[in-house]
Structure formats: C-alpha cells, structure tokens
Amino acid sequence: MTGPHDDLALVEAARNGDRAAMERLLRTHHDRIFAVCRRITGNDADAADASQDALIAIVRHLDRFDGRSAFGTWAYRIATNASLDELRRRSRRPVVVHDDLASSDRHRSVIDQSANTRIDAVADRDLIDGALGGVPDDFRIPLVLRDVADLDYSEIAAVLEIPIGTVKSRIARGRAALAQALRDGNRPDPSERPTTAS
C-alpha cells in the first residue's frame, strides 16, 4: 500500500504519461474501491461493473484531481458515485431469479467439506451484506466509507460533500439500523428502520 506522498508522486508521473505509474496507482487502490462498491451495490456483479466504471473515470479525469484531499478520498468519491449510478441502472433492469440453480449451488457447497471455512466466511459476509441492504443509502454509504474504506470523518465529509456532524449522525444511525437488521435475521420491521437522513 502506498502512502499519500507516494500517491501524489504516482499521480504526477501518470499525468506525464507514465503508464506503469498509472497501473500501480490503480492496483494500489483497486481492492478498497471494489470493497466500497461491493458494500454499496450489495453484490459482486454490480460491484465489478461499478469499480470498473470508477477506475475508467479515475484514468479519464486524473487531471481533475487537485490534491486538496488525499488521492484515496478522491478515488472513493468516484467509486461511491459509480456505485450509486449502478444502483440506479439496476433499479431499471428486470430481475430474473433461478431458484433451482441457486439451490443446487448451495447443495454442492455444503457437500464440499474441505471448503467449510470459506463457506463460513462467505456466509458471514452474505449475512452482513444482506443486513446492509436493509439500511437506507443515506446511512449505509457513510457507514461503508468508514468501516470498509477506513476513511476518517473529515474524508467521508469530503467524499459525500456533507458536514462532519451529519457524517457522524448518519454513521451512528447506520450502525444502529445494521445491528437491528442483524438481530432480526435480516428482516427488519419496516416501521423501525430509519428512512430520513439527518
């Protein structure tokens, strides 16, 4: 992982046509960009699309990075926007469910005893992702930026262009909603879910 000063040097080199610097910059931030996209969109396929869009936008608009924030903060803002765009596109797509195929895949996974640890990890991630899916966007996105991207409050405020006090409030409400969803087995009572951002 590079530090902020390394990022700035890589940005400068990339702007001057150094392809290796651009590749290193993207490779350094790819995993966290994907993680942010994964938790915002809720699945690997949409996260892959959103992170690809984010990486393309970073390359195309690198000249717009002004250095007032850390490169990572700027990149996560782009990833957040790409994820929100993907959610909007998804809401316009028809949903097709293949229950038989999913059931068959789950059965094969259970039979593969050597994969128990991996299955547990996936199950935990799926449980959290399912619960996160019930948290309204206004609360989920700052929560993801704090707990997945590991941004501090001021960086999240910069990414979302909202005051730090609002960031803290939304994260607190997001964590409360996530905890409630996990307690309820991912089936929160709609009347208990927060629906309005502060």
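The following paragraphs walk through a predicted model of a protein, from its overall make-up to single helices, helix pairs and residues.

The protein contains nine helices and zero strands. Along the sequence its pattern reads α-α-α-α-α-α-α-α-α. It has 198 residues, of which 36% count as buried. Contacts between residues at least 6 apart in sequence can be sorted by how far apart the partners lie along the chain, and 65% of them join residues at least 24 apart.

A place to begin is helix α2, which spans residues 19-41. A21 belongs to helix α2. This residue is buried, because its relative accessible area is 5% and the limit for buried is under 20%. Beyond its neighbours within four places in sequence, A21 is in contact with L10, A13 and A14. A21 can also be compared in position with A9: the two are 12 residues apart in sequence, and their C-alpha atoms are 8.6 Å apart in space.

Next comes helix α3, residues 44-60. It is made of 17 residues, and the distance from its first C-alpha to its last is 24 Å, close to the 24 Å expected at 1.5 Å a residue. The residues of α3 that are buried are D46, A47, A50, S51, A54, L55, A57 and I58. Around the helix axis they cover an arc of only 165°, so they sit on the same side of α3. A45 and R60, on the other side of α3, are exposed. The buried residues of α3 pack against two helices, α2 and α4.

The packing of α3 against α4 can be described further. The two helices pack at an angle of about 135°, and their axes are 8 Å apart. That angle makes α3 oblique to α4, because angles count as roughly antiparallel when over 145 degrees and as roughly perpendicular from 65 to 115, with 135° in neither range. The crossing of α3 past α4 is right-handed. On the α3 side, the contact is made by D46, D49, A50, D53, A54, A57 and I58. On the α4 side, it is made by F71, W74, A75, I78, A79, A82, S83, E86, R89 and R90. Several of these α3 residues also appear in the list of buried ones, including D46, A50, A54, A57 and I58.

Helix α4, residues 71-91, also packs with helix α8, residues 153-160. Here the angle is about 50° and the axes are 9 Å apart. This pair is oblique as well, because the angle between α4 and α8 falls outside the roughly parallel and roughly perpendicular ranges. α4 passes α8 in a right-handed crossing. The residues of α4 that make the contact are T73, Y76, R77 and T80, and those of α8 are E155, A158, V159 and L160.

One residue shows this contact in more detail. T73 is found in α4, and it counts as buried because its relative accessible area is 2%. Leaving out residues up to four places away in sequence, T73 touches E155, A158 and V159. These three residues are among those that α8 brings to its contact with α4.

The loops on either side of α8 each hold a residue with a positive phi. Before α8, D150 lies in the loop between α7, residues 137-147, and α8. Its phi is positive, about 60°, although D150 is not a glycine. D150 is exposed, because its relative accessible area of 52% is over the 50% limit. After α8, E161 lies in the loop between α8 and α9. E161 is also not a glycine, and its phi is positive, near 55°. With a relative accessibility of 67%, E161 counts as exposed.

Helix α9 comes after that loop and covers residues 164-183. Its 20 residues should span 28 Å at 1.5 Å a residue, and its end C-alpha atoms are 28 Å apart, which agrees. Buried in α9 are T166, V167, R170, I171, G174, A177, L178 and A181. Seen down the axis of α9, these buried residues fall within an arc of 135°, so they line one face of the helix. Just after α9, G185 has a positive phi of about 70°.

Note on methods: Residues are numbered from 1 along each chain as its sequence is written. This is a predicted model: local features need pLDDT of at least 70, side-chain atom pairs count only at pLDDT 80 or more; totals for chains, interfaces and linings use all residues. Side-chain values use heavy atoms; hydrogens and water are left out. Helices (H or I, at least four residues) and strands (E, at least two) are DSSP runs, numbered from the N terminus. The expected span of a helix is 1.5 Å times one less than its number of residues. Buried means under 20% relative accessible area, exposed over 50%, partly exposed in between (1.4 Å probe, protein chains only). The arc is that of the directions from the helix axis to the C-beta atoms. Axes are lines fitted to C-alpha atoms, for helices over the stretch in contact, and angles run from 0 to 180 degrees between N-to-C directions. Angles under 35 degrees count as roughly parallel, over 145 as roughly antiparallel, 65 to 115 as roughly perpendicular and the rest as oblique. A crossing is left-handed if the near helix is turned anticlockwise from the far one by less than a right angle, and right-handed if clockwise. Contact means heavy atoms within 4.5 Å.
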